[in-house]
Amino acid sequence: MSILPQHHHLQHADATTGHHHHHRNRRVYCTATPPNTRPKLQKLVANTTPVITQPKLDVDPSLKSTWLHRAWLATGSTTVVLSLANSIIGSIDSHIWLEPVLSGFAGYLFSDLATGIYHWGIDNYGDASTPLIGAQCDMALGHHKWPWKITKRQVANNLHLLAGGVTFTMLPINLIYHDQPVVMGFLGVASGCVMFSQQFHAWAHGTKSKLPPIVVALQDAGVILSPSHHVGHHTPPYKNYCIVSGVWDRFLDKHRVYEALEMAVFRKFGLRPRSWSEPDDDCMVEAEASPP
Ligand SMILES: [Zn+2]
Ligand SMILES: [Zn+2]
């Protein structure tokens with residue numbers, strides 16, 4: 001059995017620190033493994049220090065849902081249901097159906113774009129000290145160091161920050177536009193997809209055999225984010241920021257939208273995005289996504 005180059009890397013990382021690691025997420029493959037079944041190794045962005053210590057999975061309380069997380073998820077979900085109910089009630093009252101359905105579909109498409117731009121923003125400019133969204137920035141940065149961790153995060157823990165954002169923005173809008181079925185259809189579906197985008201994201205890091213078959217079917221159909229698409233966010237050139245379906249990623253990449261936004265931010269505020277720095281070569285972990 002010969003040792004692949006990446007194994008030298010991992011051994012080296014161990015030797016330099018003397019740390020004992022859990023290797024459950026870093027399987028070592030011998031050359032007897034057919035190359036096409038071997039998951040790709042991923043290089044991660046934006047780390048200035050090698051990330052070689054992984055927290056223990058079973059005891060990490062930061063991944064558990066608290067009652068406060070669940071309360072936020074319940075509030076956010078109620079807000080989304082309220083918007084959708086307003087849309088349906090308004091449609092019944094005014095006897096229009098096509099427009100609310102189309103606006104709901106537009107809301108679904110829009111949510112993917114919104115998560116892409118937002119994700120690009122927090123990945124490139126935010127950190128734990130950012131006002132209002134610091135916790136989310138911190139979570140996003142941690143996700144690039146330990147992508148597999150999102151699969152261990154409990155649902156309400158994973159969604160509560162977006163659920164809080166949806167509650168604060170959508171409740172007032174619900175009060176104002178409750179009798180506008182088209183507006184409510186668009187915003188109800190869009191806010192629902194944004195709120196659950198972190199769940200779609202978590203599923204995109206999951207193992208196919210452990211996911212509910214309906215989730216795998218939706219991923220395969222491209223309705224929600226698929227592992228094979230999202231792996232592009234964790235490998236060079238680290239694009240594919242969208243996390244609802246990923247349908248916008250090709251367009252955003254082709255038209256260099258993020259590059260244009262980064263230049264605009266740099267010219268206006270003098271801020272350099274993280275994507276302009278060289279990714280750290282020392283940091284490599286195995287893809288969580290199941291091999292194709
Ligand atoms: Zn990211
Ligand atoms: Zn990810």
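**Reading helix packing and odd backbone angles**

Modeller: Let's start in the middle of things: the cover over the buried residues of H2 includes H3, H5 and H6. Keep in mind that this is a predicted model.

Colleague: OK, which residues of H2 are the buried ones?

Modeller: General idea to begin with: an α-helix has 3.6 residues a turn, so residues three or four places apart point the same way. Here, the buried residues of H2 are His-69, Trp-72, Leu-73, Gly-76, Thr-79, Val-80, Ser-83, Asn-86, Ser-87 and Gly-90.

Colleague: What span should H2 have, going by its residues?

Modeller: H2 covers residues 67-94, which is 28 residues, and at 1.5 Å a residue the expected span is 40 Å. The C-alpha atoms at its ends are 40 Å apart, so the two agree. Just after H2 comes His-95, with a positive phi of about 55°.

Colleague: You said H5 helps cover H2. Is Gly-164 in H5 buried or exposed?

Modeller: Buried: Gly-164 has 20 C-beta neighbours inside 10 Å, and the cut-off for buried is 20 or more, so it qualifies. Gly-164 sits in H5, residues 155-177. Setting aside neighbours within four places in sequence, its contacts are Trp-72 and Gly-76. You can also look at Thr-75: 89 residues away along the chain, yet its C-alpha is 7.7 Å from that of Gly-164.

Colleague: How do I describe two helices that pack, say H3 and H6?

Modeller: Packed helices are described by the angle between their axes and the distance between the axes. For H3 (residues 98-125) and H6 (residues 181-204), the angle is about 35° and the axes are 7 Å apart. The crossing is right-handed.

Colleague: And which residues meet there?

Modeller: On the H3 side they include Ser-103, Gly-104, Gly-107 and Ser-111; on the H6 side, Gly-185, Gly-188, Ala-190 and Cys-193 are among them. By type, the contact residues are 13 nonpolar, eight polar and one charged.

Colleague: Back to backbone angles. Where else should I look for a positive phi outside glycine?

Modeller: Try Asn-240, where phi is about 45°, in the loop between H8 and H9. Then there's Arg-256, with phi near 50°, in the loop between H9 and H10.

Colleague: Are those two buried or exposed?

Modeller: Asn-240 is buried, because 23 other C-beta atoms lie within 10 Å. Arg-256 has 11 within that distance, so it counts as exposed.

Colleague: Which residues does the cis peptide bond join?

Modeller: Pro-236 and Pro-237, with omega about 0°. Pro-237 is in the loop between H8 and H9.

Key:
Residues numbered from 1 in each chain as written. Chains lettered and ligands numbered in written order. Predicted model: local features only at pLDDT ≥ 70, side-chain atom pairs only at ≥ 80, totals over all residues. Axes fitted to C-alpha atoms, helices over the stretch in contact; angles between N-to-C directions. Helix = DSSP H or I, 4+ residues; strand = E, 2+ residues; numbered from the N terminus. Left-handed = near helix turned anticlockwise from the far one by under 90°. Contact = placed C-beta atoms within 7 Å. Nonpolar A, V, L, I, M, F, W, Y, C, P; charged D, E, K, R; others polar. Buried ≥ 20, exposed ≤ 12 C-beta atoms within 10 Å, placed from the backbone. Expected span 1.5 Å × (residues − 1).
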